[in-house]
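Please follow the chain through its fold with the coordinates open beside the text, beginning with one strand and its partners and moving outward from there.

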Amino acid sequence: MGEGAAIYNCLLCDSYALVVLGVLPDRKLARGLKGKAAYDDLLEAFQLEFAGSSETVRLLACPTCNAFARQSGDAPSPAPAAAPSSPPPPILAGDQLEHGEFLRDALAVLTPSRLVSFDEGEPPPVYRNDAAPEAKPKWRLTQGVGPPGLELDKSRTGRLHKPSLRAFGVDARPLALPPSLAGGGDALSDATRTAAAFAERCVVGGFGDFGDARSDATEGKATVSRWREEACEGRPVLERWNAARAHAEAVMGPEAFRAMAEEATGGERKRLDRYEAMRRAETSSAAGGGAPTRRGDEVSDEFDSLTSRGGRRRARE
Ligand SMILES: [Zn+2]
């Protein structure tokens, strides 16, 4: 058994991370020559069914974009004459546990992403975690063409160490945010949320809500791909945010775009602020009184009762 995962690339920030696709066929099936052949067929079927094509746009909870979306406050004035190679702003990604909690609470932003293929025409490769359940994950290539092993970064969110993919033909340039976003804060958070909302409108249901004829999801996915390829010249959407924003506004129409951006930033930020405040209270009471820390789902339940939003939206089941 074991989970099978693929590598995805976020179209907004150009991060690479792993997404679990499903449970792999049992290795015990691969006994004897016949068993081995049958097992290989099952692996290939898994790859074709779940990894599909690198052209498909999926909405996934990119760890970097979620760290961006959680930034708040006024951005500090940008450093004078910042070099083009200046490092990206600090990434406040929580660890895997917190990331998971964030997803369950439906607070995460989902960003347009594509599974990565390392050989043109080949479906994206599938990886298996060979580590013991409690040990550090060790993802190994199990089906398809790709790097034999993967190097995760230190965030413990399934994100890969991007420079480690350079040897396999990946453009591993770090994200270079424009000056308006490079300081982080609300500007970066709002841009990330607005970009994610636009992509979601495209991928999930086209623009049906806005009375636009382009309500077909296939067309919507093509719109997202063109967004990066054409409006952003193939660079990550956040890196070319001014052009990307203008393009999205032109596609949706100014009024619909403004309404969407307001909902994506204002309303969501209030929910997030309440959640962050609750987490802070949680942490300080646990640190102070020596009382046992409550489990995440208790916090979630409490949070749910505070929020007006109905059924929880789940990123992944
Ligand atoms: Zn991202």
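In this predicted model, a good place to begin is strand 1, where seven of the eight residues are buried, so that the strand is largely enclosed by the rest of the structure. A residue is called buried here when 20 or more other C-beta atoms lie within 10 Å of its own.

The pairing partners of strand 1 can be taken in turn. With strand 2, strand 1 pairs in the antiparallel sense over seven bridges, and within this pairing isoleucine 7 stands opposite leucine 18 of strand 2. Strand 1 also pairs with strand 5, residues 126–129, again in the antiparallel sense and over two bridges; here alanine 5 is the residue that stands opposite tyrosine 127 in strand 5. A further antiparallel pairing, over three bridges, joins strand 1 to strand 4, which comprises residues 111–115, and in this case asparagine 9 stands opposite arginine 114 of strand 4. In a regular strand the side chains alternate between the two faces of the sheet.

The connection between strand 1 and strand 2 deserves separate attention. The two strands form a hairpin with five residues between them, and aspartate 14 lies in this loop, which runs between strand 1 (3–10) and strand 2 (16–23). Although aspartate 14 is not a glycine, its phi is positive, at about 70°. Is aspartate 14 buried or exposed? Aspartate 14 has 23 other C-beta atoms within 10 Å and therefore counts as buried.

A positive phi in a residue other than glycine is also found at arginine 156, where the value is near 55°. Arginine 156 belongs to the loop between strand 6 (139–143) and helix 4 (179–182), and because 17 other C-beta atoms lie within 10 Å of its own, arginine 156 is classed as partly exposed.

Turning to the helices, helix 7 offers a case in which geometry and burial can be read together. At 1.5 Å a residue, the twelve residues of helix 7 (residues 241–252) should span 16 Å, and the C-alpha atoms at its ends are indeed 16 Å apart, so the expected and modelled values agree. Which residues of helix 7 are buried? They are Trp241, Ala244, His247, Ala248, Val251 and Met252. These residues cover an arc of only 125° around the axis, which means that they are on the same side of helix 7. Directly after the helix comes glycine 253, whose phi is positive, near 95°.

Helix 6, which spans residues 217–231, contains glutamate 219. Glutamate 219 has 13 C-beta neighbours inside 10 Å and so counts as partly exposed. Its C-alpha atom lies 8.3 Å from that of valine 203, while the two residues are 16 residues apart in sequence.

These local features can finally be set against the chain as a whole. The protein chain contains nine helices and six strands, and 36% of its 317 residues count as buried. Of the contacts in the protein chain with a separation of 6 or more, 65% are accounted for by residues 24 or more positions apart. The pairings of strand 1 with strand 5 and with strand 4 can be viewed alongside that figure, as can the hairpin that strand 1 forms with strand 2.

Definitions and conventions:
Residues are numbered from 1 along each chain as its sequence is written. This is a predicted model: local features need pLDDT of at least 70, side-chain atom pairs count only at pLDDT 80 or more; totals for chains, interfaces and linings use all residues. Helices (H or I, at least four residues) and strands (E, at least two) are DSSP runs, numbered from the N terminus. A residue is buried if 20 or more other C-beta atoms lie within 10 Å of its own, exposed if 12 or fewer, and partly exposed in between; C-beta atoms are placed from the backbone. Two residues are in contact if their C-beta atoms, placed from the backbone, lie within 7 Å. The expected span of a helix is 1.5 Å times one less than its number of residues. The arc is that of the directions from the helix axis to the C-beta atoms. Two strands pair if DSSP finds at least two bridges between them.
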